[in-house]
Amino acid sequence: MSAPHEAKTRTTAVVLAGGTGQRVGLAIPKQLLKIAGKAVIEHTLTIFEQADSVDDVIVLMAPGFVPDVEKIIAKAGLTKVTRVIEGGATRNETTERAIRALGEGLGEGEDLNVLFHDAVRPLLSQRVIKDCVDALDRYQAVDVAIPSADTIIVTRTHGEDGEFITDVPDRSRLRRGQTPQAFKLSTIRRAYEIAAGDPNFQATDDCSVVLRYLPDVPIYVVAGDEYNMKVTQPVDVFIADKLFQLASTAAPSQADEAAYRELLSGRTLVVFGGSYGIGADIAALAERYGATVYALGRSTTGTHVENPEHVEEALARAYAESGRVDYVINTAGVLRIGKLAETDNATIQEALNVNYLAPVQIARAAYKYLAETKGQLLLYTSSSYTRGRAEYSLYSSTKAAMVNLTQALADEWAGEGIRVNCVNPERTATPMRTKAFGQEPAGSLLSSEAVARTSLDVLLSELTGHVIDVRQQDPTRGAGEASGFEKALASVLDRQEDV
């Protein structure tokens with residue numbers, strides 16, 4: 001007879017948000033500061049919401065701001081958050097309150113996996129969460145750390161003369177601690193019970209409490225990530241915002257062809273730039289799955305995206321004939337290469353009208369229709385958006401504007417349930433590119449069909465405010481999670497060579 005299946009230990013994430021914004025120079029707690037269109041704490045809570053290994057979440061919030069967090073949670077639909085509690089005056093007091101709350105309702109002999117995480121670390125990866133939970137199968141305490149790239153020095157202050165070095169530890173053994181810090185609830189609770197008897201007790205993190213008061217308990221170290229940064233100083237706000245902009249997301253693909261038909265049947269798509277290339281492929285795919293599609297282009301329907309009247313007429317017609325507009329896509333664009341000082345006014349105006357003003361006008365005209373269906377606006381950027389290149393000043397700058405427009409509108413329209421995303425394909429075989437560069441080696445370009453398929457996945461997802469990379473031989477496509485900030489950062493140099 002087989003052994004009975006052992007019940008899985010429940011895992012709770014405790015998001016510690018008791019800090020204030022003093023070091024960032026804010027009148028509100030830094031965890032309520034907006035980065036990439038959302039409060040820092042919303043980014044952090046969303047990570048745990050999406051973590052398969054986390055069962056529920058509680059938040060310890062700075063006194064006086066609990067209602068603010070509760071509103072964020074309700075608006076974002078974060079179902080795993082079960083409680084929001086006021087934090088204490090110190091990190092230790094906040095942890096103690098969390099331990100008491102976690103112990104409520106546990107039966108005798110029951111234990112719990114607990115992950116303590118700083119709310120102001122909004123770039124935590126799913127990999128680190130999983131590694132921490134997996135490590136708790138073998139260990140009672142787990143820390144997350146990365147090697148120190150800097151030399152660490154120990155100093156001593158001598159009166160008014162300033163600081164002097166007293167020691168330079170071996171850097172190879174030094175690590176920079178991050179969060180989450182993970183424990184069996186029974187272990188961290190016992191450590192704090194013993195610490196309570198020490199009149200000199202103080203600690204800045206929870207692993208140090210276990211290390212000091214439960215010295216026989218080994219603390220396993222999980223490899224962290226450089227991008228799992230803590231937003232503490234004013235410069236951190238800028239860096240985190242830029243990391244979010246560079247980060248790409250993989251849209252979850254549907255299970256099978258039938259799923260696409262079920263989701264697209266009865267829906268209406270309006271595709272600007274639908275005469276050829278990516279736009280035409282999106283239109284063909286969506287139509288195949290039962291959607292009503294209006295594919296609009298200069299060469300086929302005489303629709304000029306830079307003309308606001310053409311845009312408004314196209315949307316009004318689609319609405320009048322189908323009774324709804326669910327998705328508005330703009331793939332139209334022009335690529336003009338040359339030195340800015342040698343570019344004539346007509347070329348400059350064309351680039352601005354088609355690549356920037358047209359998407360703005362499309363967004364403005366589409367708003368009322370998408371608000372009715374809680375639909376989505378899908379824009380397109382270029383892989384050169386992270387860094388302008390010589391002779392691509394107009395193209396790169398307008399494509400960078402698409403990323404900012406996406407993130408701004410996703411925030412602005414969140415209350416109406418409208419999603420806004422931006423697809424970022426690497427070099428793609430389209431007529432526009434062939435016109436600019438001529439025939440290029442076979443296999444060196446992404447197919448427009450692949451970009452169209454990913455575009456449909458984005459439209460059918462719940463993503464909003466994201467930049468979705470489409471790259472050749474992308475092993476993460478369809479995984480349904482962020483493709484990783486490592487990938488985003490590693491690909492920056494590649495993007496500098498792409499158009």
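This is a short tour of a few spots in a predicted model, from charged pairs to a buried serine.

**Charged pairs**

Let's start with charge. Side chains of opposite charge can pair when their charged atoms come close. Searching the whole structure turns up 21 salt bridges. Here are some of them:

| Pair | Closest N to O | Where |
|---|---|---|
| Arg97 and Glu93 | 3.1 Å | both in helix α3 (residues 91–103) |
| Lys130 and Asp134 | 2.8 Å | both in helix α4 |
| Arg127 and Asp225 | 2.8 Å | helix α4 (residues 126–135) and the loop between β11 (219–223) and α7 (234–246) |

Take Arg97 and Glu93: they sit four residues apart, about one turn of the helix. Arg97 is partly exposed, at 27% relative accessibility, and so is Glu93, at 28%. Lys130 and Asp134 are also four residues apart, about one turn of helix α4. Lys130 comes out at 49% relative accessibility, which makes it partly exposed, and Asp134 is partly exposed at 36%.

How far apart in sequence are the parts that Arg127 and Asp225 tie together? Arg127 belongs to helix α4 while Asp225 belongs to a loop, so their pairing joins parts 98 residues apart in sequence. Arg127 is partly exposed at 32% relative accessibility. Asp225, on the other hand, is buried, with a relative accessible area of 7%.

There's a network of salt bridges to look for as well: Arg91, Asp118, Arg121, Asp206 and Lys230 are linked in it.

**Rings**

Now for the aromatics. The count of aromatic pairs is seven. One of them is Phe201 with Tyr213: the ring centres are 5.8 Å apart and the planes meet at 70°, over the 60 degrees needed, so this pair is edge-to-face. Phe201 is in the loop between α5 (185–195) and α6 (207–213), and Tyr213 is in helix α6, so the pair ties together parts 12 residues apart in sequence. Tyr213 is buried, at 12% relative accessible area. Together with Tyr192, these two rings make up one aromatic cluster.

**A surface patch and a buried serine**

On the surface, Ile153, Ile165 and Val168 form a nonpolar patch with about 260 Å² of accessible area together. Ile165 is part of strand β9 (residues 163–167), and its relative accessible area of 53% makes it exposed.

Is Ser461 buried or exposed? With 5% relative accessibility, Ser461 is buried. You'll find Ser461 in the loop between α14 (448–459) and β19 (467–470). Its side chain reaches the backbone nitrogen of Leu463 at 3.2 Å. Setting aside neighbours within four places in sequence, Ser461 touches Pro252, Gln376 and Arg419.

Notes
Residues numbered from 1 in each chain as written. Predicted model: local features only at pLDDT ≥ 70, side-chain atom pairs only at ≥ 80, totals over all residues. Heavy atoms only, no water. Helix = DSSP H or I, 4+ residues; strand = E, 2+ residues; numbered from the N terminus. Buried < 20%, exposed > 50% of the residue type's maximum accessible area, 1.4 Å probe, protein only. Polar contact = N/O pair within 3.5 Å; in protein donor to acceptor, adjacent residues only side chain to side chain. Contact = heavy atoms within 4.5 Å. Patch = residues over 30% accessible without salt bridge, like charges linked within 9 Å, V, L, I, M, F, W, Y side chains within 5 Å. Areas by Shrake-Rupley, 256 points an atom, 1.4 Å probe, with all protein chains shown as cover. Salt bridge = Lys/Arg side-chain N within 4 Å of Asp/Glu carboxyl O. Phe/Tyr/Trp six-rings, centres within 6.5 Å; stacked < 30°, edge-to-face > 60°.
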